[in-house]
Amino acid sequence: MTKRQGKAFFMISAVAQRYNIHPQTLRLYEREGLLKPSRTEGNTRLYSEEDLEQLETILALTRDLGVNLAGVEIILNMRRKMEQMQGEVNEFMEYVKRELARGIDDWEQRLGTALVKTSPTDLVRSVQPDATVTKPESAKKSRGA
């Protein structure tokens, strides 16, 4: 185990022993693009905690569910896209919350500085469905009625 910048890194032999797999299997996963361990200046593979989590996912898919490596690649790509989309949705929701809060503050400010202070519901007049509208007498006279 090696430490870089406060993070723990594991060499290929330690990872292979920990997960009971052959080091060639780890190299295969790297060639297939499923794992991307960092490298030392001497080109030794170093696996981070994130790499080990990815490896655990790969092993669960292959060992427990019988998924082949092509399927693992598709699943991992879909997970990555879903996480990205979830981040975008969360970002959008924060934007909507900020805009709604700003809109409410804006309305409160407008109502507070209005010449006639009233609530928005007082501004809406309801008309009874059976009420008839009559014209004022002055309007009737001007038409010659």
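**Exercise 1. In this predicted model, find out whether Arg45 is buried or exposed, then identify its salt-bridge partner.**

Solution. Start with accessibility: Arg45 has a relative accessible area of 18%. The cut-off for buried is under 20%, so Arg45 counts as buried. Next, look at the tip of the side chain. Arg45 pairs with Glu30 in a salt bridge, with 2.4 Å from N to O. Now place the two partners: Arg45 sits in strand 4 (residues 45-47) and Glu30 in helix 2 (residues 23-31), so the bridge ties together parts that are 15 residues apart in sequence.

**Exercise 2. Work out how Glu94 and Lys97 are placed in helix 4, and describe their accessibility.**

Solution. Begin with the contact itself: the side chains of Glu94 and Lys97 form a salt bridge, at 3.7 Å from N to O. That value fits the criterion of within 4 Å. Then check the spacing. Both residues belong to helix 4 (residues 69-112), and because they are three residues apart, about one helical turn separates them. Finally, turn to accessibility: Glu94 has a relative accessible area of 40% and is partly exposed, and Lys97, at 49%, is partly exposed too.

**Exercise 3. Repeat the analysis for Arg102 and Glu99, then say which residues are joined into one network by salt bridges that share partners.**

Solution. The closest N and O atoms of Arg102 and Glu99 are 2.9 Å apart, and the pair forms a salt bridge. These residues are three apart in helix 4, so they too are separated by about one helical turn. Arg102 is exposed, with a relative accessible area of 55%, whereas Glu99 is partly exposed at 30%. For the network, look for shared partners: Glu30, Arg39 and Arg45 are joined in this way. As a last check on your tally, the structure holds four salt bridges.

**Exercise 4. Describe the largest nonpolar core: how many residues does it have, and which have the most contacts inside it?**

Solution. Count the members, and you should reach 19 residues. Inside this core, Val15, Leu26 and Leu55 have the most contacts. Now ask where the members come from. At least two residues each are supplied by strand 2 (7-11), helix 1 (12-19), helix 2, helix 3 (49-64) and helix 4. Helix 3 gives the most, with five residues. To finish, zoom in on Leu55: leaving aside residues up to four places away in sequence, Leu55 touches Val15, Tyr19, Ile21, Leu26, Tyr29 and Leu35.

How values were computed. Residues are numbered from 1 along each chain as its sequence is written. This is a predicted model: local features need pLDDT of at least 70, side-chain atom pairs count only at pLDDT 80 or more; totals for chains, interfaces and linings use all residues. Side-chain values use heavy atoms; hydrogens and water are left out. Helices (H or I, at least four residues) and strands (E, at least two) are DSSP runs, numbered from the N terminus. Buried means under 20% relative accessible area, exposed over 50%, partly exposed in between (1.4 Å probe, protein chains only). A nonpolar core is a set of buried Ala, Val, Leu, Ile, Met, Phe, Trp, Tyr and Cys residues joined through side-chain atoms within 4.5 Å. Contact means heavy atoms within 4.5 Å.
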